[in-house]
Structure formats: structure tokens, C-alpha cells
Amino acid sequence: YNAMQYDAMVRMQRRTELILEVTTELSQRVHSYDDIKSIVTQYQEHIGAERASLFVVDKAKEEMKIFTTTEHLNNTVMKLHLDGGIACNVALTGSAIVTNHTRSNPMFNNSADLSP
């Protein structure tokens, strides 16, 4: 059982590394919101997700921009200040936070909630 979990984690890490490589390359070619939306949609389809979001940190402006494929946001870009929330913490530290109950996590930032 542990070997199966380890293998699954290695596959997931490799997939994540590939996505990061592609994102890094594509970031040099992105010129518009439509380009970003296309990239996020392609990732969503590739991994078979119900929805997908791309979080982009702008350290100069001290904000994070969130691009999502969720229909109800109607092609908007959400902006969050980097001073709080789970997503901002992960973006700034590079460390994942795994939680089964996001809303009960003390770092949860209700303004960052993308659910309808």
C-alpha cells in the first residue's frame, strides 16, 4: 500500500513539474487575458478537472491575480492582496497546505472564495 502511494505521489510530482515547465515557457508568450484563459482551459481538460484556476503573483503590486475557468465569473480576474489567505501563503512560501476543511483553517480568506 505504501509503495502504491509513493508511486502515485511520484507521478503527481512529475505531472506538476511538467505543468510548471510548460507554464514557464508559455508565460513568455502570454499577451492577453484570452491567452491565459486558453492555457487554463487546456490544463483543465488535460487533467479532467471540473474547473481550474491559475494564480499569478505580482510582487511589485503585492497582489495575486486569479484566472479561472468557472463560468459564473464571466471572464473576470480576481485580485487579492498578498497579506493573507491560504493561496497567498502557498504562493509566497512555495509550501503546499493540505486541509480537508478549508473554511475552518485559520488562514482561510473568505474574500478569496471562488465558489458561487
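This passage describes the sheet, the helices that pack on it, and one buried residue of strand S2 in a predicted model. Local features were required to have pLDDT of at least 70 and side-chain atom pairs pLDDT 80 or more, whereas totals for chains, interfaces and linings use all residues. Numbering runs from 1 along each chain as its sequence is written, and side-chain values rest on heavy atoms, with hydrogens and water left out.

An open, antiparallel sheet is formed by 3 strands in the order S1-S2-S3 (strands are DSSP runs of E of at least two residues, helices runs of H or I of at least four, numbered from the N terminus; strands pair if DSSP finds at least two bridges between them). Strands S1 (53-58) and S3 (77-81) each have a single partner strand, so one side of each edge strand lacks a neighbour in the sheet. Neighbouring strands are turned by 25° against each other on average, direction ignored (axes are lines fitted to C-alpha atoms, for helices over the stretch in contact, with angles from 0 to 180 degrees between N-to-C directions). Strand S2 (residues 63-68) pairs with S3 over 5 bridges, and Phe67 stands opposite Val77 in S3.

Helix H2 (residues 33-47) packs on the sheet and touches S1, S2 and S3 (contact: heavy atoms within 4.5 Å), its direction making about 65° with that of S2. Helix H3 (residues 86-93) also touches S1, S2 and S3, at about 110° to the direction of S2.

Glu63, in strand S2, is buried (under 20% relative accessible area, 1.4 Å probe, protein chains only). Glu63 has no salt bridge (a side-chain nitrogen of Lys or Arg within 4 Å of a carboxyl oxygen of Asp or Glu); the nearest side chain of opposite charge, Lys65, is 4.0 Å away (Lys and Arg count as positive, Asp and Glu as negative; His and the chain ends are not counted). Not counting residues up to four places away in sequence, the contacts of Glu63 include Val56, Val57, Asp58 and Lys79.

Definitions and conventions
Buried < 20%, exposed > 50% of the residue type's maximum accessible area, 1.4 Å probe, protein only.
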